[in-house]
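Visitor: I should like a close look at the salt bridges of this model, with attention to the placement and exposure of the side chains involved. Please set them in the context of the chain as a whole.

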Amino acid sequence: MSLTVSELPHKEQALFRAALKLYEVKQFKKGLKTCDQILKKFSDHGETLAVKGMFLAHLERREDAYELIKRGIEISPKSSISWHVYGIVCRFDENYEEAARCYEEALKADSENPTILRELGQLYTQLRQYQKLVETRSRIVKLDSKTPHFWLGLAVAHQLTGRNDLALKVVSTHEYIVLDETSPLKANNPNYKIEVSELLMYKNWLMELNGNYQLAVDNLKEIRPRVTDVTAWKEQKAKLLLKLDRKEAAALAYQDLIKRNPDSNVYICGYLSCNGLDISRPDDKDAVLEIIRGLQQQFPTSNTLKFLPLTFCDGDDFAKEADKLAKFSLRKGIPSLFTSMKTLYTDQTKGEALGKLFEGYASQLHDTKRLDDSTADEPLSVSTWCTFYLAQHADYYGNYERALQLMETAISVSPDTVDLYMVKAKILKHAGDIRGARDVMDFGRQKDLNDRFINTRTVKYMLRNNEVDEAEKTIVLFVRDDAEHMIQEIVDTQTTWYMRERGHAYRRLGDIGRALKHFHQVAHAFATYHNDQYDFHTYSMRKFTMRAYVDILEWEDQVFTDPVYIDSAAAAIGCYVDLHDRKAAGSPFVPISADVSKKPLTRNGTAKTGQHNLSAGVGEAKQAAVDVDPNGSTFVKAESHLENALKFVETLEKSVGSQPETHVSAFEVHLRMKKYFLALKSINSLRAIDDNHPSLVPMVVRINAALDADDSFAAPMKAALKGQLAK
């Protein structure tokens, strides 16, 4: 039986403690040597073996690390240190489920270790196991009820399980520790007032969540002198008064908020609710319009107040409000006018009305150089922006020929306006002329080389035209000049749109390896977004930002629903399925090697071997890091392409299971893996979402054919499946 740390000789105990301190300060190589000193005398000391494995893990020797740690646990199966170390390494590798299991084992040997309990709580939060989180944090508070972030963590845990009453009870019981003027937390703490404010506002929020609106209002009055976030306090007051049906007082509160920010849609709708009005109710239209017109007079610069009537008005009222906003925008020269109006085009009547309105402007300006309310000739720019809008209007309805004619007219009048070229390029793209769109966008870019936005749009169009190298040269023009490696900087800054577009370009070019490489970069970026929340599980409690923290958790739960991730994941699945099919057909895909004759450009535009960074800035180029997998061969040569695809499928099913494309992709993978029941599940899920989906019939035909061709599949199971398919 292995010795415990306390049973080691004094010298080795000191070395062990030194090793742990070296880990804390990230001196991994020194820590490794310290462990070796102990193991020279006690080669089978389980806890030292485990700690040595932890150091190896941080030195990128993963296989050796896990081997040593598991050996250490075999020797000392009841050691909390060994299990804790195993959990730390699993957590480091983002294997949170296994890490939580290890921490649970560690607690069996050391049930009152606050460090293990705290870190286990973080893991439970990451895994969204909130009931276990409550139990763990309750144990921490029993051990130490004086540390604020411990009981605040317990309060948040109760809130996450829906027990807002218990959360409020915890805060009410322990808040004196922070709020007392003699609190030791006040000393040498420049953020003390902010922390007090956050705590008080969090408590008030819990009162609201419990339905104690009157109590919450009374509490707001009491805490006002100590609240530093005045806007949040006023928002809470207005919301609570409205919930109490004290509409006059609520209206005054919302008026005060509108004065602070007249462009807040939330404030405006709240004010309307105080008057018993709802924008979505047709019967309230006239009364709502009257109030909004009154607010427009008070706050004439508010864009929201100008636009809001267009969302619920129709007929003559719509025409009047649209006329006011349109003339204001044309005279101001606002290029984004059509983009703002585009949401109205879902209503065909409104879209047609806007077209007639601007056609009328164009006619007036052509005949008289004035609009109907002009007191003098309008500047030529008004006519240009009117033509600009009409071109986008025509583009929306697919009249590309007229849209391009209008854009040529606008460009002839104002040839140096970059926005005109961007819209012309977009029209060409919609018309199917990708090459022409790319050329026009790049021509517009040359008009203003300092415009980051059009540079970005040009890169996107280059990639759509499969010009990967040219796009690379263009995008790095805006990479910071002191970046050591330009393209890696784009990856490090998580420019996911570029990685996705580049992946699609390579896929169209037939380079599946490089395409997968970029799709995986997108996936890695989103995984980073998700994993980065881990540290906030305790940080937010220490900083008293509980309200923002709960919002972050809700956002993190939706992170994989982002269209960029969904599109990249679906494309990656398609690539892996293609690789599998080629291999099954006897003609596996061979990774495409880099063109050795083409040397990457340096910072000053000169081709030099071993460098791969471009910039618009000046200075010496820096040696680029070696890309160990430039052509994505790691993904191409994977043992199981379908297993890799399945990982994407599982994430999509969990995050966007309501989208038909998720189940189409899942079917393609499951069918090839001969997981027929899962393929059937995909069919049924798709049918439940859209029983007329065009992929349904082909999917049923293909699974029947696969079952008929698979003699290894048990006949009774085959019959059961076919019975389900026949329903």
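Guide: Let us begin with K52, which counts as buried because its relative accessibility is 19%, under the 20% cut-off that defines the class. The model in which this lysine appears is a predicted one. The side chain of K52 meets that of D36 in a salt bridge, with an N to O distance of 2.9 Å. This pair links distant parts of the chain, since D36 belongs to helix 2 (residues 28-41) and K52 to helix 3 (residues 46-58), 16 residues apart. Unlike its buried partner, D36 is partly exposed, at a relative accessible area of 28%.

A further bridge joins the side chains of E408 and K424, at 2.4 Å from N to O. E408 is in helix 23 (residues 400-413) and K424 in helix 24 (residues 418-430), so the bridge ties together parts that are 16 residues apart in sequence. Here the lysine, K424, is buried with a relative accessible area of 15%, whereas the acidic residue, E408, is partly exposed at 39%.

A bridge inside one helix is found between the side chains of E668 and R672, with 2.6 Å from N to O. Both residues lie in helix 36 (residues 660-672), where they are four residues apart, about one turn of the helix. R672 counts as partly exposed, at 22% relative accessibility. Salt bridges also combine elsewhere: through shared partners, D323, K327, R331, D372, D373 and E378 are joined into one network.

These pairs can be placed against the whole. A search of the entire structure finds 50 salt bridges. The chain contains 39 helices and zero strands, and buried residues account for 48% of its 727 residues. Its C-alpha trace spans about 100 × 75 × 70 Å along the principal axes.

Two other features complete the view. Helix 9 (residues 148-160) and helix 10 (residues 164-174) have axes that come within 7 Å and cross at roughly 165 degrees. Helix 9 is therefore roughly antiparallel to helix 10, and the crossing of the two is left-handed. On the surface, F536, Y539 and I552 form a nonpolar patch with about 240 Å² of accessible area together. Of these residues, F536 lies in helix 31 (residues 536-542) and is partly exposed, with a relative accessible area of 35%.

Terms used: Residues are numbered from 1 along each chain as its sequence is written. This is a predicted model: local features need pLDDT of at least 70, side-chain atom pairs count only at pLDDT 80 or more; totals for chains, interfaces and linings use all residues. Side-chain values use heavy atoms; hydrogens and water are left out. Patches are made of residues with over 30% relative accessible area and no salt bridge: like charges are joined within 9 Å, nonpolar side chains (Val, Leu, Ile, Met, Phe, Trp, Tyr) within 5 Å. Accessible areas come from the Shrake-Rupley method with a 1.4 Å probe; for residues, only the protein chains shown count as cover. A salt bridge is a side-chain nitrogen of Lys or Arg within 4 Å of a carboxyl oxygen of Asp or Glu. Buried means under 20% relative accessible area, exposed over 50%, partly exposed in between (1.4 Å probe, protein chains only). Axes are lines fitted to C-alpha atoms, for helices over the stretch in contact, and angles run from 0 to 180 degrees between N-to-C directions. Angles under 35 degrees count as roughly parallel, over 145 as roughly antiparallel, 65 to 115 as roughly perpendicular and the rest as oblique. A crossing is left-handed if the near helix is turned anticlockwise from the far one by less than a right angle, and right-handed if clockwise.
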